[in-house]
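User: I'm new to this one and would like to know what the labels rest on. Can you take me through it?

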Amino acid sequence: MSTDATTLDIDTGATAVAHPNMALIKYWGKRDRDLILPVTGSLSMTLDIFPTTTHVRVGEQEADTIALDGRPADEVTTRRVTGFLRLVRDITGRHEAAAVDSVNSVPTGAGLASSASGFAALAAAACAAYDHSLTPRELSRLARRGSGSACRSVFGDFVVWHPGGSRPPRDDLGSYAEPVPAGDFDPAMVIAIVDGGGKAVSSRKAMQHTVETSPFYLPWAAGIAADLERMRAAIGRGDLQEVGRIAEHNALSMHATMLAARPAVRYLQAGTLRVLDAVAALRTGGIDAYATIDAGPNVAVLCDPRDEIRVARAVSELPDVSATHIAHRGPGTTVTAGAAA
Ligand code: PMV
């Protein structure tokens, strides 16, 4: 691929950029695996670090080709991306194959490789390359079909993903992401890398297993709607303590659902718990710091930006933490070059 402006002029393709998001209220569990409809709503902060840049060119080859970070994608990824491209072709009414070239700016081994920024960028670039224009809401519904959390990366700052109604067509049509009014609430997120390696179990498999076998799953899901309301209100008034408390409880109780699955899914490592101890110690010392953990061992710590260096120093001193990254709220997905957005 080339995202170089001088070569794009002679190229029919399109380029899009999307950022990862960190859920403060997690998506964990599908009620429809084909349409990727979640059991509950979720809410996230789009980050300003580690964007994915994806270029899609159509019509010059027989079959889809997929390159990630300059190398041909593995078989599983290729199957997933070509399945998604078929969906885009169904929507756009086009038939040509596509060449996808996607570059992640996540440092190797950061443990943050995100399907969210990947599928948000792919959805936007593919639609633009096939000359098909979607509203941001429609784009979020399309990105959702690649990876659920990708629908939230279509928008910047704070974003809610609605679960959608229970019957067609309200289920699919009603399950989209949209921005959450946040005023000037602009917290920092310090990401402590405990283990940068790949996941032992994919979030896709782990959430399904949890839904099917954990006695804690339904009670967890039943509490989400009320937490979403409280979280939206807290974001609106810039109440970091309330946002942090709800987010930390949501993440730890999500991990509790996995620990109670049969057999257990455990992403938490000893180092993860030591970061949680450090966050608790920061709070005891008067710093507003709250932890959230995705389907992995790394910890994201929400704090006031005035405390971010102190928080980053406290977690980076831990022997289990190999790197820290500081993020703030970031932009939504943009088409940076090419045809219709
Ligand atoms: O979108 P997926 O299939 O990668 O699942 C994301 C699951 C979590 O990251 C754990 C939670 C979330 O809402 O992002």
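Analyst: Sure. A salt bridge is a side-chain nitrogen of Lys or Arg within 4 Å of a carboxyl oxygen of Asp or Glu. Keep in mind that this is a predicted model.

User: What makes K26 and D294 a salt bridge?

Analyst: Their side chains come to 2.7 Å, N to O. The cut-off is 4 Å, so the pair qualifies. The count between domain 1 and domain 2 is one salt bridge.

User: Where do domain 1 and domain 2 run?

Analyst: The domain assignment puts domain 1 at 14–183 and domain 2 at 188–327. Between them they bury about 3,000 Å², 71% of it on carbon and sulfur atoms. On the domain 1 side, L24, K26 and W28 lose the most area to domain 2, together 29% of what that side buries.

User: How do you know that the ligand lies between the domains?

Analyst: Domain 1 and domain 2 both give residues to the shell around the ligand, so the ligand lies between them. That shell has 13 residues, with Y27, S115, S147, S149 and R152 the closest.

User: Why is S149 called a polar contact of the ligand?

Analyst: A polar contact takes a pair of N or O atoms within 3.5 Å. A polar side-chain atom of S149 is 2.7 Å from an oxygen atom of the ligand, so the pair fits. The protein covers 92% of the 380 Å² of accessible area that the ligand has on its own.

User: Which backbone atoms come in?

Analyst: For Y27, a polar backbone atom is 2.8 Å from a ligand oxygen. For G148, a backbone N or O atom is 3.5 Å from a ligand oxygen.

Notes. Residues are numbered from 1 along each chain as its sequence is written. This is a predicted model: local features need pLDDT of at least 70, side-chain atom pairs count only at pLDDT 80 or more; totals for chains, interfaces and linings use all residues. Side-chain values use heavy atoms; hydrogens and water are left out. A residue is near a molecule or strand if one of its heavy atoms lies within 4 Å of it. A polar contact is a pair of N or O atoms within 3.5 Å; within protein, one must be able to donate a hydrogen and the other to accept it, and residues adjacent in sequence count only if both atoms are side-chain atoms. Accessible areas come from the Shrake-Rupley method with a 1.4 Å probe; for residues, only the protein chains shown count as cover. Domain bounds come from an automatic or database domain assignment. Buried area is the accessible area (1.4 Å probe) that two parts lose on being put together, summed over both.
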